Structure formats: C-alpha cells, structure tokens
Amino acid sequence: MSFSENFPPIALMVWKHLLLGDPFRTRVSKRLSYLSNASWSAEIVFSHDKIKALKEEASSLFRDLPDTLQPDFFLAVLEWYRGPCVTVVKRMGEIVGVVYGWEMTFHGNPTGYVFIDDSLELAVASTHKNRDWVLKTAASSWLSCRRIGALRITLARDSSDIEAIREVAPAYSMQRFEELRELHPILSLPSSYDAFEKALGSRTRKHIRQYRSYSQNENQCYVRDMDISEFRTAVAGLSGKTKFSLPDDEVQRLFRMASQVNAEKRMLAGLRTQEGKWIAVVIGWKESGRAVLVDQFNDERRCAQDTGDEIHMKSISVSTLLRSRVIEQLIEEGFQSLWIYGATGGFLAKYTKRLQGVTIYLDRSTLLWRAVRAIARFARRHLRKEIGDKLEWINPPAGLPMSAMDLKSTTSTFAPAIHGTRAESADDMAGVGGRTRRSNH
C-alpha cells in the first residue's frame with residue numbers, strides 16, 4: 001500500500017490522540033482573558049441543541065435582527081463537514097451578541113481550525129452599539145481556548161471589525177498573517193430598469209431585448225414569488241439538465257436556507273414555459289436594500305440556432321433572460337444592489353464590482369501546532385494533488401507578511417457556508433476566465 005493511501009488514517013490517529021484528547025478537547029486554557037472588563041464574558045458553544053436554544057434565551061437580541069442572523073438560519077446552511085463553533089457574548093449576565101463560526105472536521109472529528117466569514121454580514125449577531133465589544137470579547141475567548149489552534153477570519157476590507165481583531169491578537173501567542181481577497185460580485189441597481197439597460201453595452205442590450213422578446217412570443221411566464229414546494233418541484237425537474245449538478249445534500253441545504261427566511265424576504269423566482277415546464281430558477285434572499293443571489297439552476301439542454309432576424313432560445317439566454325427579469329423586479333421593489341454569492345459569469349461579470357475583503361490568519365505558535373502545520377506541508381508534497389489541496393487551509397499562504405500595513409493581493413476566496421452561484425453556460429465560463437467551481441476551504 002502506498003504512502004498516499006496510508007497517510008489519511010495515520011494522520012487521523014495522530015490528530016485524534018495528540019490534538020483532541022483531554023484536556024485539549026474539553027478544557028479552556030488557564031490564560032487570563034485579554035479583556036479586563038469583568039462585566040463582559042463569553043462562552044464557546046459546539047452543540048447544535050444549545051445553539052438552537054439561543055433563539056429563546058436571547059429573544060430580546062434576535063427580535064430585531066434579520067432572518068439571516070438567526071441561529072436556525074446558521075444551522076440550516078452548515079455543511080456536513082463543518083461543525084458549529086458559536087461564541088455567545090454576555091454583558092452583566094445578559095446575552096448581547098452571538099458570533100457564528102464553524103470548525104473544520106476530519107472524518108467527523110474536530111480539528112481545532114475555526115473559520116469566521118462576515119463578508120456578507122452573516123457572522124455577528126449584535127446591535128451596532130455593542131458590536132465592537134462583542135467581537136473583542138469573542139476573539140479573546142477564541143484565542144484563550146486550548147481546543148482552537150487556528151482562526152481564519154474573513155471580513156470586508158473597510159470593516160471596523162478588522163481593527164478589533166488586530167487589537168486583541170497581540171495579547172496572545174499567535175502568529176498573525178493578513179491577505180487581501182476579492183470576494184462577492186456586487187451589481188449596483190439604478191432607479192429604473194430602462195436606466196439599467198442604457199448602462200449596458202450595445203451588444204449585451206440587444207441580446208437581452210431579443211431574449212425577452214422571444215420569451216414573450218413563446219408565452220413564457222416569469223414567476224417572481226415562488227413558494228418552497230413550487231421551487232422544490234422546479235429544481236427536481238431541472239435535475240440532470242444543468243451544466244453543474246449539485247449533490248442532493250447541497251440542494252437540501254438550499255431548501256433549508258429558504259425555509260428559514262420569511263416569505264417576503266425570500267428570492268425564489270423562475271421561468272416557466274407555456275406548458276408549465278420550468279426552464280430556470282434562482283434562489284436567494286432580500287434584506288436591507290440589497291438582494292443576495294445564492295444559486296441558479298438552468299435547463300442547459302434548450303439549445304437552438306440564431307438565424308438572422310429570428311432568435312431561438314439558447315442555453316446562455318435562459319440564464320441571462322432570468323437574471324434580467326430578476327433585476328427588473330428588484331429595481332421595481334426599490335433595492336439598491338444585487339450581491340452574487342461567490343462568483344458570476346456572463347454579462348454580469350462585466351458590470352459588477354468585487355467586494356474587497358481581508359482574511360486574517362491567526363495560528364497558535366506552540367510546538368504542537370507548529371508540528372501540525374509542518375506535517376501538513378510535508379503531506380501536501382507527497383499526496384496526490386486532489387488530496388493535498390484539501391489540506392491547503394491548514395497553513396497560511398507562503399510568504400504572507402505579518403504587518404497589517406503590507407497586504408498581499410489575491411483573487412481566491414474562502415467558501416462560505418453556502419455555495420456561490422455556478423457559471424450558467426459555456427459563455428458564462430468564458431466570461432469568468434478560469435474561475436473554479438468551489439473552494440476547498
């Protein structure tokens with residue numbers, strides 16, 4: 001048996017006994033918290049049941065927060081290989097903030113690597129007044145916990161939360177690295193759909209108008225507010241017809257996500273033929289002046305030819321047509337921007353701006369965790385690429401500076417709890433220019 005085949009079970013055994021045995025797994029370090037304010041405290045919660053119970057325990061906190069910051073939403077979109085790692089922050093015994101994070105698991109075992117992604121403002125449930133102290137208290141608890149050996153925190157570049165992390169980190173024995181990232185594409189929406197079309201290039205505008213005209217002549221129907229059962233039926237009908245099919249557990253997670261958002265905040269829309277067959281659907285949510293497009297499913301088999309004056313529906317037009325109708329609806333409803341989770345292709349790639357973000361790497365500098373990172377580097381050199389790439393999240397990128405003032409730029413991103421939209425057609429793939437379907441993080 002080769003080293004590549006032997007290494008995973010050996011690594012799992014070493015990881016389990018060296019990193020996850022008592023007292024590492026269940027106890028917190030005796031190190032004093034960086035924060036000396038005795039009125040603030042934090043507890044790290046790894047249990048699904050305890051996280052669900054927060055909705056009742058902190059009802060006054062969650063009452064005024066959007067659906068996407070509720071505990072049920074966080075748990076609904078959590079992937080199978082990610083364990084919850086949620087920090088509950090209290091002031092004078094009252095819960096005033098919750099910070100959502102997840103821990104990478106390996107064969108069901110926790111690894112001590114924790115990820116917090118607030119690039120879409122989905123990680124910090126708190127009032128604006130308490131946010132700074134909530135994040136500092138949470139960061140102090142993460143860095144004091146012996147179970148946690150490394151943190152990967154992704155924030156928008158202009159977020160004041162970055163300074164909060166930078167302020168707390170030096171008080172602990174942690175190596176800090178920072179990296180610039182290009183995150184989600186954002187499309188600014190004008191006050192009218194006509195203004196949106198005028199801002200497009202002449203060729204793109206012509207194609208969209210042709211697709212919309214064809215769709216109207218074919219009596220295709222745009223359904224703007226689908227219910228979840230209707231969306232399930234549509235996705236089932238499109239199964240096997242999309243260019244990039246999702247595993248069933250990922251599709252089910254999308255359904256769970258939609259079920260945790262109030263009906264008026266869901267973005268479930270689709271195109272249906274005169275015969276009632278669905279040809280494309282999108283899923284996302286709407287809040288605070290913006291809409292977030294999470295995923296799109298298209299019937300990629302609807303291909304025909306462009307014959308002069310008569311335009312026939314092609315696979316690319318299904319995606320472009322539906323997105324144009326979604327954009328028109330959002331403009332009518334008064335939304336100022338459309339955020340696209342992960343990445344996008346096609347005509348939108350030309351008219352969106354990527355959210356600039358920063359990922360802060362905090363790695364414990366003890367001998368044990370240094371050994372873990374060294375083993376991971378050694379393993380990546382000897383394992384098959386598809387296996388080695390899955391260990392990429394263990395080590396910070398080589399050569400990243402520790403200075404907060406000198407950041408290296410990159411276009412890679414950590415995948416959030418729910419997947420970004422897929423390239424919808426061959427033209428979309430060309431527009432993206434080498435974009436990867438998903439990240440290993």
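User: How do I read a helix pair here, and at roughly what angle do the axes of helix H9 (residues 228–238) and H10 cross?

Analyst: Two packed helices are described by the angle between their axes and the distance between the axes. For H9 and H10, the axes cross at roughly 160 degrees and come within 11 Å. Axes are lines fitted to C-alpha atoms, for helices over the stretch in contact, and angles run from 0 to 180 degrees between N-to-C directions. Helices (H or I, at least four residues) and strands (E, at least two) are DSSP runs, numbered from the N terminus. One caution: this is a predicted model, where local features need pLDDT of at least 70 and side-chain atom pairs count only at pLDDT 80 or more, while totals for chains, interfaces and linings use all residues. Residues are numbered from 1 along each chain as its sequence is written, and side-chain values use heavy atoms, with hydrogens and water left out.

User: Which orientation do H9 and H10 have to each other?

Analyst: Angles under 35 degrees count as roughly parallel, over 145 as roughly antiparallel, 65 to 115 as roughly perpendicular and the rest as oblique. H9 and H10 are therefore roughly antiparallel.

User: And which residues meet between H9 and H10?

Analyst: Contact means heavy atoms within 4.5 Å. On the H9 side you will find Ile228, Phe231, Arg232 and Val235, and they meet Val251, Gln252, Phe255, Ala258 and Ser259 of H10. Sorted by class, this contact has six nonpolar, two polar and one charged residues. Ala, Val, Leu, Ile, Met, Phe, Trp, Tyr, Cys and Pro count as nonpolar, Asp, Glu, Lys and Arg as charged, and the others, Gly among them, as polar.

User: Let's try another pair. How do the axes of H5 and H6 cross?

Analyst: Helix H5 (residues 131–144) and helix H6 (residues 161–168) have axes that cross at roughly 40 degrees and come within 9 Å. The pair is therefore oblique. H5 contributes Arg131, Asp132, Leu135, Lys136, Ala139, Ser140 and Leu143 to the contact, and H6 contributes Asp161, Ala164, Ile165, Glu167 and Val168. By class that makes six nonpolar, one polar and five charged residues.

User: Is Thr137 of H5 buried or exposed?

Analyst: Buried means under 20% relative accessible area, exposed over 50%, partly exposed in between (1.4 Å probe, protein chains only). Thr137 has 5% relative accessibility, so it counts as buried. A polar atom of the Thr137 side chain lies 2.7 Å from the backbone oxygen of Trp133. Further along H5, Ser144 is buried too, at 8% relative accessibility. A polar atom of the Ser144 side chain lies 2.7 Å from the backbone oxygen of Ser140.

User: Where should I look for positive phi values in residues other than glycine?

Analyst: Try two loops. Glu121 has phi near 60 degrees and lies in the loop between strand E6 (109–117) and strand E7 (124–126). Ser288, with phi near 50 degrees, is found in the loop between strand E12 (278–287) and strand E13 (290–298). Glu121 is exposed at a relative accessible area of 51%, and Ser288 counts as exposed at 71% relative accessibility.

User: What separates the C-alpha atoms of Asp249 and Glu79?

Analyst: They are 8.6 Å apart in space, with their positions 170 residues apart along the chain. Asp249 belongs to helix H10 (residues 248–259) and is partly exposed at 34% relative accessibility.

User: And how many helices and strands does the chain have?

Analyst: The chain has 15 helices and 18 strands. Of its 441 residues, 56% are buried.

Notes
Polar contact = N/O pair within 3.5 Å; in protein donor to acceptor, adjacent residues only side chain to side chain.
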